[in-house]
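Reader: I am new to this structure and would like to look closely at a single part of it before I try to take in the rest. Could you choose a place to begin and then lead me outward from there, step by step?

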Amino acid sequence: MSDFLRPSLKFPQNFNPSVKSLQDRFILTDNKAVTRYVKEIFLSLSKIHKLKEEYLDVLIVASKLYNIGQDIGFYGDHKNSAYIILNGLNFGFSHEQKTLIAIIIGTNGKKIIYEFEQYKNLLPKPECVRWLSFILALAKALDVNCVGTKLGFEFVGHTLKIHGAKNLTMAKEEIKKIAKPEIFAISFI
């Protein structure tokens, strides 16, 4: 059989059919800004959270799928999204990864994860889950009224400086509601 007729045995890099399927069926908005913020925040706070780089990949998938449950119901959409992920994210993910993605979204930046107690043997330490959930919640809050705004992140002297966010009133109010896993300041520049 010629190479032209031989079917490809691999998907393109950074493409997962399970993620794409969920995005195509449930997401009406573009999550690229949240995904970019998640990556930049994770890298900026790496000195303080000390999480392994492998968690960034899981966090990026969570940032792409965090709002898939929104059409089912606005209130509690994070819980709907977690349910859909647990039951619909199959190809290319271990049980631990799939559960962690669902929990990151399901906790919605809250400190307590008691609703997901049944999955604790599949999850990393609670501090890790809190950090990942916090980073996603912070990125989502910054996306609230940042359409077209280019933000930059820098962690200096126990302060996360968010450049370009000085006039983002709605985002500032949302960020106040998020439980931080460790004491540090956030400044808007």
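Author: Let us begin at the hairpin of β1 and β2, where two residues stand between the strands and glycine 157 takes a positive phi near 55 degrees. Please keep in mind throughout that this is a predicted model. The two strands of the hairpin run antiparallel, and five bridges join β1 to β2, the latter covering residues 159-163. One of the facing partners can be named: phenylalanine 153 has isoleucine 162 in β2 as its bridge partner. On from the hairpin, β2 is also joined to β3, this time by four bridges and with the two strands running parallel. Here lysine 161 is the residue to look for, since it stands opposite serine 187 in β3.

It may help to place these strands within the chain before going further. The protein has eight helices and three strands, and their order from the N terminus is α-α-α-α-α-α-α-β-β-α-β. Read along that order, a run of helices comes before the hairpin strands, and a helix stands between them and the final strand. Of the 189 residues in the protein, 44% are buried.

Phenylalanine 153, already met as the partner of isoleucine 162, leads from the strands to the aromatic side chains. Five aromatic pairs are counted in the model. In one of them, tyrosine 37 meets phenylalanine 153 in an edge-to-face arrangement, with 5.9 Å from centre to centre and 70 degrees between the planes. Because tyrosine 37 belongs to helix α2 (residues 32-44) and phenylalanine 153 to strand β1 (residues 152-156), this pair ties together parts that are 116 residues apart in sequence. Both partners are covered: tyrosine 37 is buried, its relative accessible area being 0%, and phenylalanine 153 is likewise counted as buried, at 12% relative accessibility.

A second pair deserves the same careful look. Phenylalanine 134 and phenylalanine 184 are also edge-to-face, with their centres 5.8 Å apart and their planes at 85 degrees. Phenylalanine 134 sits in helix α7 (residues 126-143), whereas phenylalanine 184 sits in the loop between α8 (169-176) and β3 (185-188), so here the linked parts are 50 residues apart in sequence. Phenylalanine 134 and phenylalanine 184 are both buried. This pair does not stand alone, for ring pairs link Trp131, Phe134, Phe155 and Phe184 into a cluster. Phenylalanine 184 has a charged neighbour as well, as lysine 180 lies over the face of its ring, at 5.3 Å from the ring centre.

From these buried rings we can turn to aromatic side chains at the surface. Phe11, Phe15 and Phe91 make a nonpolar surface patch of about 300 Å². Phenylalanine 11 is found in the segment before α1 (17-26), and it is partly exposed, with a relative accessible area of 45%.

The last stop is the charged side chains. Side chains of opposite charge can pair when their charged atoms come close. Across the whole structure, four salt bridges are found, and three of them can be followed here in order along the chain. Aspartate 24 pairs with lysine 20, their closest N and O atoms being 3.1 Å apart. These two residues lie in helix α1, four residues apart, which is about one turn of the helix. Aspartate 24 is exposed at 53% relative accessibility, while lysine 20, at 34%, is partly exposed.

Further along, lysine 120 and glutamate 117 form a salt bridge in which the closest N and O atoms are 3.2 Å apart. Lysine 120 is exposed, with a relative accessible area of 57%, and glutamate 117 is partly exposed, with 43%.

The remaining one of these joins lysine 176 to glutamate 173, again with the closest N and O atoms 3.2 Å apart. Since both belong to helix α8 and are three residues apart, about one helical turn separates them. Lysine 176 counts as exposed at 64% relative accessibility, whereas glutamate 173, at 41%, counts as partly exposed. Helix α8 also brings us back towards the starting point, as the loop that holds phenylalanine 184 runs between α8 and β3, and β3 is the strand that runs parallel to β2 of the hairpin.

Note on methods
Residues numbered from 1 in each chain as written. Predicted model: local features only at pLDDT ≥ 70, side-chain atom pairs only at ≥ 80, totals over all residues. Heavy atoms only, no water. Phe/Tyr/Trp six-rings, centres within 6.5 Å; stacked < 30°, edge-to-face > 60°. Buried < 20%, exposed > 50% of the residue type's maximum accessible area, 1.4 Å probe, protein only. Lys NZ or Arg CZ within 6 Å of the ring centre and 35° of its normal. Patch = residues over 30% accessible without salt bridge, like charges linked within 9 Å, V, L, I, M, F, W, Y side chains within 5 Å. Areas by Shrake-Rupley, 256 points an atom, 1.4 Å probe, with all protein chains shown as cover. Salt bridge = Lys/Arg side-chain N within 4 Å of Asp/Glu carboxyl O. Pairing = 2+ DSSP bridges.
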